Amino acid sequence: QVQLVESGGGLVQAGGSLRLSCAASGRTFSRYAMGWFRQAPGKEREFVAAISWSGNTYYTDSVKGRVTISRDDAENTGYLQMNSLKPEDTAVYYCAAGWYGTSSSSDYDYWGQGTQVTVSS
């Protein structure tokens, strides 16, 4: 079992930056891939980024060049650095852990409760 807790969300103006954190406890975090997903009001949850246990990273096209996913296995924490934020980035952001760092939410076994990111124009 892995417990995940996100933090770092908030209100930011367009063009600003936020760094989201995902603190993991329980089973060895380093064995898992980590993903970030987001869900805007009235929309389905969508993939944002993922990082494998070996450090390979994947991004959805809409965030490439603006977002960086990383992990610190010594601290059992994952991160999502978001720059040049846009109003359309507004959503609840969730971190997830699973064996495979894919873009499919069904490949992740553990989920955090989410953190709200609001980008004002």
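This is a short talk on the salt bridges in this structure.

Hi everyone, and thanks for coming. One thing to keep in mind from the start: what you are looking at is a predicted model.

Let's begin with a general idea. Side chains of opposite charge can pair when their charged atoms come close. So how many salt bridges does the structure hold? The count is five, and I'd like to walk you through some of them.

Please find aspartate 89 and arginine 38. Their side chains form a salt bridge, with 2.9 Å from N to O. Where do the two partners sit? Aspartate 89 is in the loop between strand E8 (77–82) and strand E9 (91–98), while arginine 38 belongs to strand E4 (residues 33–39), so this pair ties together parts that are 51 residues apart in sequence. Are these partners buried or exposed? Aspartate 89 is buried, at 2% relative accessible area, and arginine 38 is buried too, at 6%.

Next, take a look at arginine 71 and aspartate 73. They make a salt bridge in which the closest N and O atoms are 2.9 Å apart. Arginine 71 is buried, with a relative accessible area of 15%, whereas aspartate 73 is partly exposed, at 29%.

Now back to our opening pair, which has company: Arg38 and Asp89 are joined with Glu46 and Arg66 into one network, through salt bridges that share partners.

My last stop is aspartate 61, whose side chain meets that of lysine 64 in a salt bridge, at 3.1 Å from N to O. Here aspartate 61 is exposed, with 61% relative accessibility.

Thanks for listening!

Conventions. Residues are numbered from 1 along each chain as its sequence is written. This is a predicted model: local features need pLDDT of at least 70, side-chain atom pairs count only at pLDDT 80 or more; totals for chains, interfaces and linings use all residues. Side-chain values use heavy atoms; hydrogens and water are left out. A salt bridge is a side-chain nitrogen of Lys or Arg within 4 Å of a carboxyl oxygen of Asp or Glu. Helices (H or I, at least four residues) and strands (E, at least two) are DSSP runs, numbered from the N terminus. Buried means under 20% relative accessible area, exposed over 50%, partly exposed in between (1.4 Å probe, protein chains only).
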